[in-house]
Amino acid sequence: MEQPLVSGTAAAEPDTNGSQRPVRRLVAVGGVVQGVGFRPFVHALAIELDLSGQVANGPAGVRIEIEGGTDAVAAFCHRLTVDAPPLADIVSVATSELCPTGGTGFAIVPSTTGHGRTLVPPDAATCDACLTELTDPANRRHRHPFITCTDCGPRFTITTTMPYDRSTTTMAAFPMCPECAAEYTDPSGRRFHAQPIACWACGPRLRLTGAVRREDGAALAEARRMLAAGAILAIKGLGGYHLVCDATDPRAVGELRRRKARGDKPFAVMTPDPDTAARLGYLGPAECRLLVGRSRPIVLLRRRSPTPLAPQVCPGSPDIGVLLPYTPLHRLLFGLPDDPPSPGVLVVTSGNLSGEPLVTDDREAMLRLDRLADAWLWHDRPIVVACDDSVIRARADGSPLPIRRSRGFTSACVRLPVAVRPVLAVGGDLKNTLCLAEGDAAWLSAHIGDLDSLAAQHAFERAESHLRALTRVEPVRIAADRHPGYRSARWARRDGRPLTQVQHHHAHIASAMAEHGLDEPVLGVAFDGTGYGDDGAVWGGEVLLADYAGYRRLAHLAYVPLPGGDAAVRHPYRMALAHLRAARLAWSPDLPCTAACPPDELRLLQVQLARGIGCVPTSSIGRLFDAVSSLVGVCHRAGYEAQAAVELEAAAVTADEVRDGYAFALEDPAPMLAAIVADLRAGAGVPLIAARFHLAVAGAVRTACRRAHRSTGVRTVVLTGGVFANALLDGMCTAGLAEDGFTVLAHTVVPPGDGGLALGQAVVAARVADT
């Protein structure tokens with residue numbers, strides 16, 4: 001999901017003239033090259049090619065002096081990037097010539113000091129070599145729940161500050177035993193300077209507490225037994241606690257949903273292997289690559305039917321979120337071949353009450369999860385900062401569509417097409433993430449979530465402090481949303497540094513431009529649920545001509561009243577009735593949305609809309625999806641964000657092939673709504689109506705972009721905003737616009753929703769401040 005390699009004066013191809021003239025070269029490598037086994041790799045490569053010299057960590061990366069024949073040195077420089085360790089992310093390779101010294105041998109020497117920036121890699125799933133040791137009874141780390149090496153394990157979630165060393169991680173509290181110390185200092189092994197190195201002798205220690213108490217291997221065995229018996233466990237992962245139960249047990253899943261106050265929001269599940277995942281959802285090559293990659297996100301798969309899952313796992317959703325074990329502890333939860341049977345699929349959901357931030361502190365877990373879990377499986381290695389699981393899906397063309405960018409991707413750098421002075425962007429109030437940027441680099445925080453609660457706001461502050469400590473960026477400017485009531489914007493105003501407030505949909509478009517390395521005007525299609533508009537209305541169905549410096553509104557969905565604000569979001573029938581009234585369509589009792597509205601509320605709503613009381617105008621496409629979902633009887637009350645739209649998409653994907661959508665222009669949705677009502681009364685099935693509606697929205701996007709091109713000459717279209725997390729709509733719009741000759745850019749690095757907002761804010765603030 002990250003940007004491809006960016007090279008400086010990068011390694012050359014091997015010489016072909018056969019010259020063996022001795023040369024000595026200084027090679028400076030920048031990027032994520034510390035804590036990933038890069039120096040041992042350099043040492044082994046130099047020995048293999050019979051070269052002399054030295055390698056050291058430096059303040060800006062790794063410095064190498066390499067000497068030998070011309071061909072061999074050229075081969076070394078070429079393979080430095082081609083064969084780099086799996087966790088390395090090389091951003092630059094700069095070379096300069098030195099005078100040969102005639103030395104022999106190659107050494108790893110102590111780190112150098114000075115100014116610069118090194119980067120900590122994201123957490124990475126357990127590698128195959130460690131998994132082999134984990135299952136080997138003859139290995140001293142057999143069944144060790146914290147097995148790791150330079151190719152895998154925690155990084156971001158254990159690092160307190162830079163430079164990355166054991167003393168600046170939470171492993172500092174665990175002295176190495178003699179055997180681990182020997183591996184740590186052996187440059188020929190894969191645990192050379194592996195900061196999280198550990199074994200049974202030196203910790204961390206695993207504990208099960210609650211009704212029973214166990215430690216280490218006995219704790220895992222008891223946890224598996226409890227899960228098989230239907231218990232709900234709070235389990236400490238890399239970036240926080242999870243709540244876990246048997247996903248095939250209806251009683252356990254139902255109880256977890258009740259305790260967590262989850263409503264109907266889907267749960268994610270963990271399976272031991274891809275074969276099990278393929279029995280739950282459709283697993284193509286692109287989905288499989290995402291599932292087994294070292295980031296190990298939750299991958300959204302189209303659900304199969306039937307599955308062995310309890311029906312309460314993901315009611316009403318077209319997708320099932322699946323992830324594979326990414327720590328040895330997770331792998332051991334499924335048991336090894338000689339263990340008693342344990343659940344084959346586990347619900348793995350964030351350890352919190354719905355709406356609260358992820359729990360990371362052990363003492364806090366005992367308090368906040370007290371009524372949610374039957375027992376706690378935890379360890380004594382602290383988590384520095386919360387880092388929830390990432391969520392991603394694969395598009396039809398195989399490209400990734402990030403929904404939540406967090407564990408496995410944070411703190412990877414996003415390369416910018418424009419240079420920026422140090423800036424902190426604070427995102428929005430929903431799906432909050434932060435972004436620090438300087439020069440041509442940007443770093444996003446892990447997913448923080450909604451900022452409604454005081455606990456979430458404290459999590460926001462911890463994430464900001466941690467990101468500054470890791471990147472060593474000290475911002476001179478703050479960027480925030482223009483919404484006057486956003487908590488993130490209020491924090492930015494209190495900060496005192498120069499503040500740039502960025503319009504919500506402009507930031508969405510800029511984030512997509514930035515991740516694609518684009519610095520030219522685009523047609524931005526920004527569809528979401530809520531965004532503060534320049535006129536005080538709630539925008540969300542926008543077509544803008546935009547670059548980083550500014551934007552011009554070209555088209556938008558016709559305004560309708562938003563009756564009661566958040567009440568309309570929670571009760572989609574309110575939006576359906578508002579849209580019907582705006583289209584001059586009667587609230588007939590035979591319409592599902594009318595029947596769903598209680599009689600007293602219906603009368604009050606008539607008065608409210610007639611007098612404009614508490615009715616902010618909105619152009620939101622997200623609210624139009626809500627309206628149609630209720631109008632056709634799919635969802636009248638939303639228990640989680642976008643539930644009505646998710647369930648409408650679920651209905652649409654079950655329709656037989658549908659070629660024609662409703663006639664629909666953004667400026668006038670009335671004919672489409674009238675046609676939907678007519679189809680309902682004619683007995684057309686909900687899947688058919690839902691599919692025709694999706695096609696209608698895609699058609700309206702094509703029409704709006706063709707008109708915009710005629711007036712601007714711009715042929716590049718950006719699709720952004722939370723509505724484009726809808727895979728069906730995203731695919732329809734992309735295909736249709738490409739057919740019309742447009743270059744279509746969609747998100748592949750940051751989410752299209754508010755989780756990607758901060759990246760756009762950062763680049764807009766930098767450009768506006770420079771003009």
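## Close-up views of a predicted model

**View 1. Exposure of Glu 97.** Glu 97 is exposed, because its relative accessible area is 52% and exposed residues are those over 50%. The structure shown is a predicted model. Glu 97 belongs to strand 4, which covers residues 89–98.

**View 2. Surroundings of Glu 97.** Apart from its neighbours within four places in sequence, Glu 97 contacts Val 23, Arg 24 and Arg 25. With Arg 25 there is a polar contact from side chain to side chain, at 3.0 Å.

**View 3. Glu 97 and Asp 136.** These two residues are 39 residues apart along the chain. Their C-alpha atoms are separated by 48 Å.

**View 4. The open sheet of 11 strands.** The strands of this sheet are arranged in the order 7-6-14-8-9-13-10-12-11-15-16, and their pairing is mixed. Strand 7 (214–215) and strand 16 (400–404) are the edge strands, each pairing on one side only.

**View 5. Strands 6 and 7.** Strand 6 (residues 206–210) and strand 7 run antiparallel and are joined by 2 bridges. Leu 208 has Arg 214, in strand 7, as its bridge partner.

**View 6. Helix 5 on the sheet.** Helix 5, made up of residues 216–228, packs on the sheet. The strands touched by helix 5 are strand 6, strand 7, strand 8 (233–236), strand 9 (241–246), strand 13 (346–350) and strand 14 (375–379). The direction of helix 5 makes about 50 degrees with that of strand 6.

Conventions: Residues are numbered from 1 along each chain as its sequence is written. This is a predicted model: local features need pLDDT of at least 70, side-chain atom pairs count only at pLDDT 80 or more; totals for chains, interfaces and linings use all residues. Side-chain values use heavy atoms; hydrogens and water are left out. Two strands pair if DSSP finds at least two bridges between them. Helices (H or I, at least four residues) and strands (E, at least two) are DSSP runs, numbered from the N terminus. Contact means heavy atoms within 4.5 Å. Axes are lines fitted to C-alpha atoms, for helices over the stretch in contact, and angles run from 0 to 180 degrees between N-to-C directions. Buried means under 20% relative accessible area, exposed over 50%, partly exposed in between (1.4 Å probe, protein chains only). A polar contact is a pair of N or O atoms within 3.5 Å; within protein, one must be able to donate a hydrogen and the other to accept it, and residues adjacent in sequence count only if both atoms are side-chain atoms.
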